[in-house]
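Reader: Could you show me the model and explain how its descriptive words are earned?

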Amino acid sequence: MAVNVSTIQLGGCSGCHVSLLDVGKAIFAGGINVVHSYLLMDKVTDTIEAETDLLIIEGAILTNKDESLLRQMAPHVKKVLALGSCACFGGIACLGNLKSPFKGNKGNNLKEHGHKLHPLICSPKAFIDIDFFVPGCPPPADIIRDTILALIEGRPVPEIAHTVCDECVRERNYKAPSIPPGGKWKTLLEEAPDPKKCFLEQGYLCLGRQTIGGCNAGCIKANMSCEGCRGPIFLYRNFRKFSDKEKGEILKCLK
Ligand code: SF4
Ligand code: SF4
Ligand code: SF4
């Protein structure tokens with residue numbers, strides 16, 4: 001029997017939906033019946049027209065509209081999957097909470113479009129229980145496929161408990177410095193790194209040791225150091241615990 005799936009985009013860039021589309025017919029040909037998605041359907045609507053077995057959320061809570069959309073959908077969904085780092089733990093969208101030279105203009109662009117910036121930009125888990133987390137910016141299509149197929153077929157969702165370093169094949173002597181030589185990390189623009197050697201051991205910052213694997217060290221293969229887009233490994237091991245704790249803390253901040 002087909003599973004009714006809805007997708008929504010909150011404060012996101014559509015990159016996670018593009019990755020979802022990359023999954024292709026592995027899921028869209030058979031097991032999934034898309035009932036609500038203004039990015040995947042040829043129909044623009046905010047209303048829910050059918051009960052949803054699985055709600056896939058892209059993006060963080062960025063505006064007041066994001067919160068009300070989520071509250072409107074919550075009673076109609078059975079299970080929720082956070083797709084991408086913005087939905088899992090706030091991701092790049094949360095940089096909007098930081099003080100910046102643009103602070104005076106914070107939210108001006110949103111106001112022009114009739115939206116109000118949320119008092120605290122955060123993961124949707126502040127307002128809805130999330131059952132499955134697929135981090136990444138965006139998440140790799142094969143992980144999305146394996147997770148959704150497992151859900152449809154009633155199997156356990158695959159666990160990824162290793163780091164990007166575990167997937168990296170660069171030469172290393174496991175004596176990488178925690179502090180760079182001279183106190184300053186080199187940048188990729190200054191000098192091209194040796195494509196065969198560990199970035200850290202060459203004096204470039206690389207977050208592979210702390211970051212959840214699964215991306216097959218894609219950036220490293222392209223001679224770019226890991227920026228940690230899949231999130232810290234401790235978070236993955238404790239997603240449920242972290243999620244519950246953060247939910248309470250975020251709601252306290254909003255009162
Ligand atoms: S996780 Fe990355 S790709 Fe996905 S919505 Fe956020 S910024 Fe875009
Ligand atoms: S720190 Fe980066 S370059 Fe070095 S082994 Fe880990 S992922 Fe590879
Ligand atoms: S190598 Fe790091 S930054 Fe690149 S996709 Fe993997 S986790 Fe993300």
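Author: What follows takes some terms in turn and sets each value beside its rule.
This is a predicted model, in which local features need pLDDT of at least 70, side-chain atom pairs count only at pLDDT 80 or more, and totals for chains, interfaces and linings use all residues. Residues are numbered from 1 along each chain as its sequence is written, chains are lettered from A and ligands numbered from 1 in the order in which they are written, and side-chain values use heavy atoms, with hydrogens and water left out.

Reader: Why is C168 called buried?
Author: Buried means under 20% relative accessible area, exposed over 50%, and partly exposed in between, with a 1.4 Å probe and protein chains only. C168 has a relative accessible area of 14%, so C168 counts as buried.

Reader: Why does C137 count as partly exposed?
Author: Its relative accessibility is 46%, which lies between the two limits, and therefore C137 is partly exposed.

Reader: How many disulfides does the rule give?
Author: A disulfide is a pair of cysteine sulfur atoms within 2.5 Å, and by this rule the count is zero.

Reader: What makes a residue part of the surroundings of ligand 2?
Author: A residue is near a molecule if one of its heavy atoms lies within 4 Å of it, and the residues around ligand 2 include C165, C168, C198 and C206.

Reader: Which residues are around ligand 3?
Author: By that 4 Å rule, the residues around ligand 3 include C215, C219, C226 and C229, with V164 and R230 also among them.
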